[in-house]
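Let's take a walk through this model together, from the overall fold down to a handful of side chains. Have the structure open and turn it as you read.

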Amino acid sequence: NMKMELTISKYTPGMRPDITIPSSKMFDLLGEQGIRELVNNHYDLLKVSAVKHLFPQDETGLKKAKEHSSDFFIQICGGPMYFSKKRGKPQLYKRHLPHKITAEARVEWLNCYKTELKKLNLPDDVLKSFWNYLDAFSMWMVNS
């Protein structure tokens, strides 16, 4: 149950907020499996959302996207460096450029995460740390 409000910061074009990586307690508590599950469930919500056109429609593509995203979040939360080992430097803004990401799409993406995060029984400080990361990081991805 969620005592803490996860608020989505307003995006202003060109905003590049400072990003603080999430607490490594996120990885300690959820482990690799838990983070993969979170990302998996997030993508399952996205593929039926208003921004589904931004994500692979085929199972193979979706599976790959889930894996890349999971690898990234495992790494950023203090787990093994899967993403860098498999794909090199994250350079996420560049990787997302082919997709037209609007401020509205960002809100939809964050809301899907919010739905999934509410189901996890994470301590407030860990949840807040991860949410603040998503909120700021997602602003960097807006490109349209």
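Before we pick out residues, one working definition: a residue counts as exposed when its relative accessible area is over 50%, as buried when that area is under 20%, and as partly exposed in between. Keep in mind, too, that you're looking at a predicted model.

With that in hand, start at the front end of the chain. Glu-5 sits in the segment before α1, and its relative accessible area is 55%, so Glu-5 is exposed. Being exposed doesn't leave Glu-5 without partners, though: setting aside residues up to four places away in sequence, Glu-5 touches Lys-114 and Lys-128. If you want a feel for distance across the model, jump from Glu-5 to Pro-90: these two are 85 residues apart along the chain, and their C-alpha atoms are separated by 29 Å.

Now zoom out. What is the chain built from? It has 6 helices and 0 strands, so reading from the N terminus on you simply get α-α-α-α-α-α. The C-alpha atoms fill a box of roughly 35 × 35 × 30 Å along the principal axes. Does that go with a compact or an extended chain? A compact globule of 144 residues would have a radius of gyration near 15 Å, and this chain has 14 Å, which agrees.

The contacts add to that picture. Take the contacts between residues at least 6 apart in sequence: 77% of them join residues at least 24 apart. Of the 144 residues, 42% count as buried. As for the outside, the chain exposes about 8000 Å², and carbon and sulfur atoms supply 56% of that area. Charges are worth a glance as well: there are 22 positive and 16 negative ones, and their mean positions are 5 Å apart.

Let's settle on one helix, α5, which covers residues 103–119. Its 17 residues reach 25 Å from the first C-alpha to the last, close to the 24 Å expected at 1.5 Å a residue. Which of its residues are buried? They are Ala-105, Arg-106, Trp-109, Leu-110, Cys-112, Tyr-113, Lys-114, Glu-116 and Leu-117. Look at the numbering and you'll find many steps of three or four, such as Ala-105 to Trp-109 or Trp-109 to Cys-112. An α-helix has 3.6 residues a turn, so residues three or four places apart point the same way. Where do these buried residues go? They pack against α1 (25–46), α2 (59–76) and α6 (124–141).

Two residues of α5 are good places to stop. Ala-105 is in this helix, and at a relative accessible area of 6% it is buried. Beyond its sequence neighbours up to four places away, Ala-105 touches Val-51 and Leu-54. Ser-49 is 56 residues from Ala-105 along the chain, yet their C-alpha atoms are separated by 9.8 Å. Further along α5 comes Cys-112, buried at 7% relative accessibility. Leaving aside neighbours within four places in sequence, Cys-112 is in contact with His-42, Leu-45, Leu-46 and Ser-49. For Leu-46, the C-alpha separation from Cys-112 is 6.7 Å, although the two are 66 residues apart along the chain.

On to α6. This helix has 18 residues and reaches 26 Å end to end, C-alpha to C-alpha, close to the 26 Å expected at 1.5 Å a residue. It is mostly covered, with 13 of its 18 residues buried. Find Trp-131 in α6: at 1% relative accessibility, it counts as buried. Which residues does Trp-131 touch, not counting those up to four places away in sequence? The list runs Leu-6, Thr-7, Ile-8, Leu-110, Tyr-113, Lys-114 and Leu-117. Leu-110, Tyr-113, Lys-114 and Leu-117 are also among the buried residues of α5. Lys-114 has come up before, as one of the residues that Glu-5 touches.

Last stop: α2, the helix that holds Ser-69. Is this serine buried or exposed? It's buried, with a relative accessible area of 14%. Apart from neighbours within four places in sequence, Ser-69 is in contact with Val-39 and Tyr-43.

Notes:
Residues numbered from 1 in each chain as written. Predicted model: local features only at pLDDT ≥ 70, side-chain atom pairs only at ≥ 80, totals over all residues. Heavy atoms only, no water. Helix = DSSP H or I, 4+ residues; strand = E, 2+ residues; numbered from the N terminus. Expected span 1.5 Å × (residues − 1). Buried < 20%, exposed > 50% of the residue type's maximum accessible area, 1.4 Å probe, protein only. Contact = heavy atoms within 4.5 Å. Rg over C-alpha atoms; globule rule 2.2 N^0.38 Å. Areas by Shrake-Rupley, 256 points an atom, 1.4 Å probe, with all protein chains shown as cover. Lys, Arg positive; Asp, Glu negative; His and termini not counted. Charge placed at Lys NZ, Arg CZ, Asp CG, Glu CD.
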